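Got the viewer open? Let's walk through this one stop at a time, picking a selection and looking at what is there.

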Amino acid sequence: MMNRFGPSHVKNTPLNTGLPNPWSAILVAVLLVTFPLAMSYMGEDFYIGMGSRILIMALAATALNLALGYGGMISLGHAAFLGIGGYTVAILAKAGLVSALLVFPLAILMASFAAFLIGLISLRTKGVYFIMITLAFAEVFYYLAISLPNFGGDDGLPLRTRSSVPGIRLDNALTFYFFVLLLSGLAIVLMYRLVSSRFGRAVVAIRENEKRMAAIGYPVYRIQLMAFTLSGGLAGLAGALLANLNMSVTPHMLDWHQSGILIVMVILGGSGYFWGGLTGAALFLILEEVIADHTEHWNLFLGAMLLFIVLAAPNGVMSLRDRVLGLFNRSGSNADSKGSSEQEVNK
Amino acid sequence: MGYLIIEQMLNGLQYGLMLFLLAAGLTLVFGIMDLINLAHGSLYMIGAFLAATFFQMLGSFFPALLLAIVATAFIGFILERLLYRKLQTMSHLSQVLATFALILIANESIKIIFGAQPLMISMPSGLSRAIEIVPDELYYPAYRLLIIGVGFAVAIGLYLLVNKTRTGMWMRAGASNREMAAVMGVRIKPLFTLVFVLGAALCALAGALLGPLLAVTIGMGESILIPAFQVIVIGGIGSMRGALIGSLLVGMIDTVGKLLLVLGLGFITDPTNAGTLGSTLASLSISVLMVAVLYFRPQGLFPARG
Amino acid sequence: MSHIILEVKDLVKRFGGLVASDIQHLEVKQGEIHALIGPNGAGKTTLLSQLSGEMKPDAGAILFEGEDISALPVHKRVQAGIARSYQITTLLPRLTVRENLALAVQARTGHSFDFLGTVMDETDLDEGAINTAARVGLSPELDQIVGTLSHGKQRLLELGMALACEPRLILLDEPMAGTDVEESHNMGTLMLSLKKQHTIILVEHDIDAVFRLADRISVLVSGKVIATGTAEEIKQNPAVITAYLGEEDADELEVSA
């Protein structure tokens with residue numbers, strides 16, 4: 001599945017860079033299944049929880065990657081969809097509804113609907129407008145969460161139990177991990193189908209040149225809106241899982257800082273690359289864990305690292321992935337794979 | 001009740017004018033450089049913290065205010081030279097990341113230097129009383145009147161600068177069409193330095209003036225950033241007039257709108273509910289206004305680009 | 001030849017107070033190459049953008065095969081059978097020629113919202129791309145990255161992108177801009193070969209090429225059509241000579257005519 005058109009020596013065009021190598025999928029799957037089993041064997045339950053967190057944030061970052069990396073839509077409001085997913089679960093739980101079969105689809109639906117509404121307005125605009133509007137809209141949900149007493153205000157809402165799945169008890173760390181793995185695995189498969197479909201190809205090509213895509217007959221606005229909505233829905237699923245992991249939701253989940261962090265994860269892992277979300281979330285959370293162990297000023301370190309990432313590359317942001325690959329592959333063939341984290345359709 | 005509304009209108013004016021101090025710099029940076037600056041609120045926070053510190057050292061409000069403005073403008077100058085000048089040529093995504101990084105660094109540095117506790121600034125002693133505007137009916141704090149006065153003075157000053165001076169002409173040219181302005185001989189780089197430093201100074205002015213009314217805290221920059229963004233989107237990127245009118249609109253909705261909503265809701269629900277619901281609806285209606293503007297006039301009410 | 005494929009009625013576009021285009025009447029016949037000429041700022045590209053749907057007219061109607069399309073968005077007009085090329089090359093430069101063309105073919109197949117069915121069989125897209133490349137003479141460059149092609153080749157691909165949409169009407173905005181003599185000659189030959197199956201509206205500054213290629217020519221001045229006719233008729237039209245061609249060009253014309 002490396003290349004759909006033409007001879008295999010043309011691999012690095014943007015239509016292909018977003019598709020994973022089949023071997024990488026097997027590697028990732030093996031890693032994600034064996035890791036918790038090993039931790040469980042060693043009695044390190046903390047790391048199983050950490051693994052669940054990484055998987056959940058990986059799902060959220062992967063969702064954002066669809067909009068930002070593949071679609072070139074710089075959304076600074078994805079935390080809202082994460083939060084809406086989470087709050088849906090918490091509010092339904094408060095009303096006594098805890099069946100995962102019911103609340104998870106509802107969480108996805110609510111987040112998709114919010115993404116649809118936000119996309120409907122913000123996709124009419126370009127450039128800095130789009131960034132500011134996604135940010136401003138997402139804040140509406142933050143204000144709602146903070147100011148409505150039914151939503152728990154500043155303190156958020158606790159979950160008394162995790163969502164119920166017939167036949168499984170999710171309060172065990174290992175079981176919960178595999179539940180998360182199952183759902184995010186399904187989402188990853190869906191994401192794979194998406195990006196390798198004709199729809200996914202259109203999304204990437206619109207990022208490359210929106211005007212031309214309209215001129216050859218693509219309904220650009222509708223395709224972008226669809227991608228944005230799907231991306232919001234996936235983020236909503238991540239939010240529903242996050243609420244279950246933390247056993248609570250707080251307004252902090254929809255804070256725009258969270259949206260910024262999601263962008264950072266996507267950039268770290270590789271914007272527009274299939275495993276970008278997973279790599280980025282894992283890198284970020286592990287780094288945070290390690291550094292926060294040594295200093296309370298993790299944010300200072302993060303800020304400095306980000307500035308370095310932006311400024312050290314002559315043309316702006318370059319993902320770590322590209323940097324590492326660049327070290328190994330200095331010869332010319334890498335030249336055109338470089339740019340794919342630096343598209344600027346909206347500019 | 002009429003006086004209550006007048007009082008809230010004055011509050012709205014005061015809030016709107018302070019918002020304008022931030023939005024003015026922000027809109028020019030957006031408009032002239034096509035640069036998204038998430039860290040504009042951090043300059044406001046830095047200005048407030050510097051004012052609080054100088055105030056503690058000097059014990060006097062106005063010298064502290066002036067020093068804070070000069071110091072923040074200098075920080076703005078350094079940032080522009082070291083960072084923003086480079087960012088200007090980069091993609092929007094790079095700008096988002098770098099200025100987000102700047103927020104993280106600013107917040108953490110302030111925490112290291114000043115600690116996590118909020119700082120306080122006292123009002124200048126002569127201004128801490130209320131002034132009788134309508135005998136026995138309407139009193140209004142003298143300090144807030146001062147803020148309104150300063151806000152208006154700055155607004156008029158900026159209007160004259162942008163519309164009556166050669167520098168202002170360059171700014172307008174830069175905001176409406178950067179390439180064309182450069183072709184016509186506007187030196188964009190020094191212009192941007194000037195705009196950025198001016199923006200930083202205005203941030204510090206707002207931060208220092210609001211210091212006695214709000215606590216000077218670490219998150220303060222971000223809480224004002226979103227309304228400032230809304231103002232710019234409503235007014236039109238790069239437009240000074242749009243920034244002023246947008247600020248006043250947002251300020252009025254936030255105060256008078258809130259009051260009217262609370263009063264109106266008081267008829268249909270109990271006061272506590274009406275209070276929270278009213279303020280939520282007021283914040284929402286600012287967003288609704290933004291959506292409406294975007295829908296009917298995607299370039300804002302006063303587009304700078306022709 | 002007498003079938004009218006496109007008819008423009010009272011089409012007005014203003015920018016602020018300025019009237020950029022005011023076409024009272026314009027007819028394009030099926031199968032012809034209909035050139036639009038006129039001085040800079042005459043409103044040729046503005047007219048083209050209104051025909052393609054990128055600009056909304058302030059008033060008037062555009063009838064394509066008898067149906068008013070003036071309210072349709074760009075992509076609907078492409079589906080209806082109108083495609084355009086751009087004066088400034090507008091391609092997907094980081095993709096190969098094959099991929100660029102295949103995207104245009106895919107748009108036509110209408111499966112672009114088919115986001116769950118991973119399409120493994122791409123032969124239809126591939127064939128479409130190969131055929132179109134052959135038509136514009138880009139077969140050897142099929143797997144080259146577009147950004148690395150010469151300007152002339154990119155101009156050919158610009159035309160190919162429009163062709164891949166299988167339009168009945170093609171709008172070409174200065175297809176010869178920036179090409180050398182040989183390239184521009186090839187482009188002309190290509191256009192003549194296309195007109196059997198397609199109708200072409202051609203905006204072009206190279207007057208010699210226009211007189212050589214166009215079946216009919218409309219002259220635009222200040223947004224208005226001042227004359228329509230064959231090359232011979234246009235050359236002899238006094239209004240055209242004074243309004244547009246000017247003294248020097250008129251002399252030149254007589255020499256070449």
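Start by selecting chain B: buried residues make up 51% of its 306 residues. Buried here is a count: 20 or more other C-beta atoms within 10 Å of a residue's own, with 12 or fewer called exposed, anything in between partly exposed, and C-beta atoms placed from the backbone. Before going further, note that this is a predicted model, where local features need pLDDT of at least 70, side-chain atom pairs count only at pLDDT 80 or more, and totals for chains, interfaces and linings use all residues. Residues are numbered from 1 along each chain as its sequence is written, while chains are lettered from A and ligands numbered from 1 in the order in which they are written.

**Stop 1: chain B as a whole**

Colour chain B by secondary structure and you get 11 helices and 2 strands, in the sequence pattern α-α-α-α-β-β-α-α-α-α-α-α-α. These are DSSP runs numbered from the N terminus: helices are H or I with at least four residues, strands are E with at least two. Rotate the chain and its C-alpha trace spans about 60 × 50 × 35 Å along the principal axes. The radius of gyration is 20 Å, which agrees with the value near 19 Å for a compact globule of 306 residues; it is taken over C-alpha atoms, and the globule rule is 2.2 Å times the number of residues to the power 0.38.

Now turn on contacts, meaning residue pairs whose C-beta atoms, placed from the backbone, lie within 7 Å. Of the chain B contacts between residues at least 6 apart in sequence, 76% join residues at least 24 apart.

**Stop 2: the hairpin in chain B**

Zoom to residues 130-134 and 138-141 of chain B: these are β1 and β2, antiparallel over 4 bridges. For DSSP strands to count as paired, at least two bridges between them are needed. Click I131(B) and you'll find its bridge partner in β2(B), Y140(B). There are 3 residues between the strands, and D136(B) takes a positive phi near 65° in this hairpin.

**Stop 3: where B meets A**

Bring in chain A, with its 14 helices and 2 strands; 57% of its 347 residues are buried. Which pair of chains shares the most contacts? Of the 2 pairs in contact, it is A and B.

Select the interface: 37 residues of chain B are in contact with 41 residues of chain A. On the B side, α4 (92-114), α9 (220-235) and α11 (271-296) are the elements giving two or more residues. The largest share, 15 residues, comes from α4(B). Coloured by class, that side of chain B shows 23 nonpolar, 11 polar and 3 charged residues. The nonpolar class is Ala, Val, Leu, Ile, Met, Phe, Trp, Tyr, Cys and Pro, the charged class is Asp, Glu, Lys and Arg, and the others, Gly among them, are polar.

**Stop 4: over to chain C**

Chain C does not touch chain B; their nearest C-alpha atoms are 9 Å apart. Show its open, antiparallel sheet of 4 strands, ordered β2-β1-β4-β5. The edges are β2 and β5 (67-68) of chain C, each pairing on one side only. β4 (residues 59-64) of chain C pairs with β5(C) over 2 bridges, and F64(C) has E67(C) as its bridge partner.

Finish at G31(C), in the loop between β2 (18-29) and β3 (33-37) of chain C. Buried, exposed or partly exposed? G31(C) counts as partly exposed because it has 17 C-beta neighbours inside 10 Å. Draw a distance to L194(C), 163 residues away along the chain: the C-alpha atoms are separated by 9.0 Å.
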